[in-house]
Amino acid sequence: MPAGLKTITGANAWAVDLKRAAQSVGPTGRDNCGNCHFYGGGGDNVKHGDLSSVLYKPTKDVDVHMAVDGLNFTCSTCHVADQHQIAGSRYDPMAIDPHGTGKPGEARTTATCESCHSDRPHPIAASNPLAVLRGIKLNDHTNRVACQTCHIPEFARGGVATKTLWDWSTAGQLDNGKIIKREEYTQGDGKELHTYLSTKGDFEWGENVVPYYSWFNGTVEYTLPETTIDPTKPVEINHREPL
């Protein structure tokens, strides 16, 4: 192990004790998943905006399922897996979950809201007729509107920003032959983030970001090496088909 080597989180790296690792196999925790997935794309919360170090000990306003003062779920509570074939993978997206049962303990190969909450999640068993009507009308939405539309109105919460723009075309600038590194964005937890790197280009950041809403039929088209593009326009790396 070379002296001074760092992990992706910036912590000091250490040599892996393979014997100890083999003897300590057990159920996964947030640390197992988070060490890679919270820092995917080159930094904390960079890749998706909803997976960050905040999820190690989130509050209810960040994640109601994983909140340490709430349900205290781990990632694998919902994202069940077999040989790292993860339920809810982005490679197997679902516009609607036809297998959701709402029954705890049921075997499932998907990780959607319906998997636990069913496709009729809003209560209608109430003595107040208005409350019953409210539940019925809310449940009318589930065949067309994703749960996240209402229940995740913002992402990149909890003080850790996500990268909203990455312009590779500006990479390569130097200052008298030296690499440029500018940090001109301070996120909610006080950490300064780079806005320009000679090796990667310009960046923009955001917190409490309101999602872009669009219809989706469950099909994703990936841009492949053989895909014909128009170099005069932005290229969508992953294109979701409309409903």
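In what order do the 4 strands of the open sheet stand, and with what pairing?

**Entry 1, the sheet.** I looked this up in a predicted model, and I read the order of the open sheet as S3-S8-S7-S6, with antiparallel pairing. I then asked which strands stand at the edges. Strand S3 (162-167) and strand S6 (181-186) do, and because each has a single partner strand, one side of each is left without a neighbour in the sheet. For the twist I noted that neighbouring strands of this sheet are turned against each other by 30° on average, with direction ignored.

**Entry 2, pairings within the sheet.** I went through the contacts of S8 with its partners. S3 and S8 pair in the antiparallel sense over 5 bridges, and in this region I found Thr162 standing opposite Gly206 in S8. On the other pairing, strand S7 (residues 192-197) and strand S8 (residues 201-206) run antiparallel and are joined by 2 bridges, with Asp202 in S8 as the bridge partner of Tyr196. I also recorded how S7 leads into S8, which is by a hairpin of 3 residues.

**Entry 3, nonpolar cores.** Which residues make up the largest nonpolar core? I listed 8 residues in all, namely Phe38, Tyr39, Val54, Leu55, Val62, Met66, Cys75 and Val160. There is also a second, separate core of 6 residues, and among them I noted Val46, Ala161, Phe203 and Trp205.

**Entry 4, Phe38.** I picked Phe38 out of the largest core and checked its surroundings. Leaving aside residues up to four places away in sequence, Phe38 touches Arg30, Cys33, Gly43, Asp44, Asn45, Leu51, Ser52, Ser53, Leu55 and Tyr56. Is Phe38 buried or exposed? Its relative accessibility is 2%, so I entered Phe38 as buried, the cut-off being under 20%.

**Entry 5, aromatic pairs.** I counted 3 aromatic pairs in the structure. Phe38 and Tyr56 form one that is edge-to-face, with 5.0 Å from centre to centre and 70° between the planes. This pair links distant parts of the chain, 18 residues apart, although I placed both Phe38 and Tyr56 in the loop between helix H2 (30-37) and helix H3 (75-78). Tyr56 is partly exposed, with a relative accessible area of 24%. The rings of Trp166 and Trp168, by contrast, have planes at 15° and centres 4.9 Å apart, so I entered that pair as stacked.

**Entry 6, around Trp166.** Which residues do ring pairs link into a cluster? I found Trp166, Trp168 and Phe203, and Phe203 is also one of the residues of the second core. Trp166 is partly exposed, with a relative accessible area of 30%. I then looked at what sits over the ring of Trp166, and found the charged end of Lys163 there, 4.3 Å from the ring centre.

**Entry 7, backbone angles in the loops.** Finally I noted residues other than glycine with a positive phi. Asn72 has a phi near 60°, lies in the loop between H2 and H3, and counts as partly exposed at 43% relative accessibility. Ser118 is not a glycine either, yet its phi is positive at about 70°, and I located Ser118 in the loop between helix H4 (113-117) and helix H5 (129-139).

Conventions: Residues are numbered from 1 along each chain as its sequence is written. This is a predicted model: local features need pLDDT of at least 70, side-chain atom pairs count only at pLDDT 80 or more; totals for chains, interfaces and linings use all residues. Side-chain values use heavy atoms; hydrogens and water are left out. A nonpolar core is a set of buried Ala, Val, Leu, Ile, Met, Phe, Trp, Tyr and Cys residues joined through side-chain atoms within 4.5 Å. Buried means under 20% relative accessible area, exposed over 50%, partly exposed in between (1.4 Å probe, protein chains only). Contact means heavy atoms within 4.5 Å. Rings of Phe, Tyr and Trp (its six-membered ring) pair if their centres lie within 6.5 Å; planes under 30 degrees apart count as stacked, over 60 as edge-to-face and the rest as tilted. A charge sits over a ring if NZ of Lys or CZ of Arg is within 6 Å of the ring centre and within 35 degrees of the ring normal. Two strands pair if DSSP finds at least two bridges between them. Axes are lines fitted to C-alpha atoms, for helices over the stretch in contact, and angles run from 0 to 180 degrees between N-to-C directions.
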